[in-house]
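Biologist: I'd like to walk through this chain with you, one question at a time. Can you show me the model before we start?

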Amino acid sequence: MTDFIISGPELADGSKRDLYVAGGLLVDERSSDAETIDADGLIALPGLVDLHTHLREPGREDAETVESGSLAAARGGFTCVHAMANTQPVTDTAEKAEYIDDLGRAAGHVQVVPIGAITKGLAGKELAELGLMHNSRAGVRVFSDDGMCVMDSALMRRAFEWIKPFDGVLAQHAQDIGLAGPGACCHEGELSGRLGLAGWPPVAESVIIARDAQLAEATGSRLHVCHVTTAEGVDVIRWAKARGINVTAEATPHHLQLSTSEVIGYDTVYKVNPPLRTDEHIDAIRTALADGTIDIVATDHAPHAPQDKDHAFAEAKPGMLGLEQALSVVMETMIHTGRLDWAGVVERMSTAPARIARTAGQGRPLAVGEPANLVLVDPTRRAVVDRADSASLSRNNPYHGRELPDPVELTMWRGRITHRR
Ligand SMILES: [Zn+2]
């Protein structure tokens, strides 16, 4: 295993210091045969951690595999992704969770942590093997039916009770299907009416967050809210946190950057669930991410094959790529607007996601004795995004043709270079 000297980077706190890597760890002495990486003018951050990634394997290897998706993650500066359970078959047993864990190790680009389903087959009827998945080799701690909302309140309550003894967390896709049914595909408002698209009202998100926060309080268990998109949802989370309820929340890069007006041309690359919102909601999400009401950024990286996107808007599959431009978009929307500094970005894209998932060895400071999980970023470089330039097998990149920061120079996971520009 090669040792490294990372020469001259700035750290997130603004200090400047060489980093020494040996045996996969950060160490306090340079080894004589180490390879030098020139990081003058670059910023060294802890490796990014994604709590919400769709890798599509098993079942849709034409759209993404664990290999391709984890390589895209490394290119985006990530050293860990949490793989959502809505594959085919669904990750709802210990055996299936171990299978994802094995695929991640075999690919070897980032740490791949399986998320287990809350209910069998994501059907919302019976609980999945929560305890067995946790006790498996995969050590599952985050559970989610993402893509679907667990509508049955009693089932949700029982899931909270099941996961509490081992400090698990339920990550809910908050969408009341009575208020925003399977066909809902556009932020409900003047625009959805004009375009003739089924509306997805903000209240469909906030009522579920309120219910789940109260269930988390009643059971003393932990709730994580996936992809918050509305001012109403933010208000409920603010209330729950003030009350001391154990709730955390995420925002996606696309909901920080892109507005509902993108769907005017019916381009299905902008179809995503929950949908893109208006500027007022975007501002509320940015404010909440800055003040800590929303704890983290999670990508909801959702690759889709062309045959699933080349349809009328109402019929196309929802979802967009996210891993490779996540940091770019966070820089554009949060750093360049003065809402966050680099330390704030580290907290929201590395430290806090690892803490919520209790993922050992990730989200750690760049300190002696810690695993050498890091990303070197160029804070000044910009480029026009080209969807062809991607490790993902899919091309549903909503930033194609836009100029954005292009920061990631090098990613290192456990002392190995997993991406280098
Ligand atoms: Zn979702």
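Modeller: One definition before we go: a residue is buried if 20 or more other C-beta atoms lie within 10 Å of its own, with C-beta atoms placed from the backbone, and exposed if 12 or fewer do. Also keep in mind that this is a predicted model.

Biologist: Good, let's use that cut-off. Is W413 buried or exposed?

Modeller: W413 sits in strand 20, residues 408–413. It has 26 other C-beta atoms within 10 Å, and the cut-off for burial is 20 or more. So the verdict for W413 is buried.

Biologist: Which residues does W413 touch, leaving out those up to four places away in sequence?

Modeller: Sequence distance is a poor guide here. W413 and G24 are 389 residues apart in sequence, yet 8.0 Å apart in space, C-alpha to C-alpha. As for the contacts of W413, they are G47, T79, V110, N373 and T418.

Biologist: Let's zoom out. What radius of gyration does the chain have?

Modeller: The C-alpha trace spans about 65 × 45 × 45 Å along its principal axes, and 57% of the 421 residues count as buried. A compact globule with 421 residues would have a radius of gyration near 22 Å, and the chain agrees with that. Its own value is 20 Å.

Biologist: Among contacts between residues at least 6 apart in sequence, what percentage joins residues at least 24 apart?

Modeller: The chain holds twelve helices and 21 strands. For contacts between residues at least 6 apart, the share joining residues at least 24 apart is 75%.

Biologist: Now the sheet with the order 4-3-1-5. Which strands stand at its edges?

Modeller: That sheet is open, has four strands and mixes its pairing. An edge strand has a single partner strand, so one side of it is left without a neighbour in the sheet. Neighbouring strands here are turned by 30° against each other on average, direction ignored. The edge strands are strand 4 (25–27) and strand 5 (35–38).

Biologist: Where does the mix come from; which strand pairs with strand 1 in the parallel sense?

Modeller: Strand 1 (residues 4–7) and strand 3 (residues 19–22) run antiparallel and are joined by three bridges. I5 stands opposite Y20 there, and I6 has L19 as its bridge partner. Towards the other neighbour, I5 has T36 as its bridge partner. The parallel pairing runs over four bridges, and the partner is strand 5.

Biologist: Which side chains of strand 1 are buried?

Modeller: Side chains alternate along strand 1. I5 and S7 point to one face and are not buried. On the other face are the buried ones, F4 and I6.

Biologist: Over to the helices. At roughly what angle do the axes of helix 1 and helix 2 cross?

Modeller: Helix 1 (residues 66–75) and helix 2 (residues 94–107) have axes that come within 9 Å. V66, E67 and S70 of helix 1 make the contact with L103, G104 and A107 of helix 2. The two are therefore oblique to each other, and the crossing is right-handed. The angle is roughly 60°.

Biologist: In the sheet ordered 10-11-14-15-16, which residue is the bridge partner of A251 in strand 16?

Modeller: This is an open sheet of five strands with parallel pairing, and its edge strands are strand 10 (142–143) and strand 16 (296–297). Two bridges join strand 15 (residues 247–251) to strand 16. Opposite A251, the partner is V297.

Biologist: Any backbone oddities to check? Which residue is joined to P274 by a cis peptide bond?

Modeller: One cis bond runs from E57 to P58, with omega near 5°, and P58 lies in the loop between strand 7 (48–53) and helix 1. P274 lies in the loop between helix 8 (253–257) and helix 9 (279–291). Its cis bond has omega at about -5°, and the residue joined to it is N273.

Biologist: And is D167, with its positive phi, buried or exposed?

Modeller: L122 has phi near 60° and is buried, with 21 other C-beta atoms within 10 Å. D167 also has a positive phi, about 60°, and lies in the loop between helix 4 and strand 11. With 11 C-beta neighbours inside 10 Å, D167 counts as exposed.

How values were computed
Residues are numbered from 1 along each chain as its sequence is written. This is a predicted model: local features need pLDDT of at least 70, side-chain atom pairs count only at pLDDT 80 or more; totals for chains, interfaces and linings use all residues. Two strands pair if DSSP finds at least two bridges between them. Axes are lines fitted to C-alpha atoms, for helices over the stretch in contact, and angles run from 0 to 180 degrees between N-to-C directions. The radius of gyration is taken over C-alpha atoms; the globule rule is 2.2 Å times the number of residues to the power 0.38. Two residues are in contact if their C-beta atoms, placed from the backbone, lie within 7 Å. Angles under 35 degrees count as roughly parallel, over 145 as roughly antiparallel, 65 to 115 as roughly perpendicular and the rest as oblique. A crossing is left-handed if the near helix is turned anticlockwise from the far one by less than a right angle, and right-handed if clockwise.
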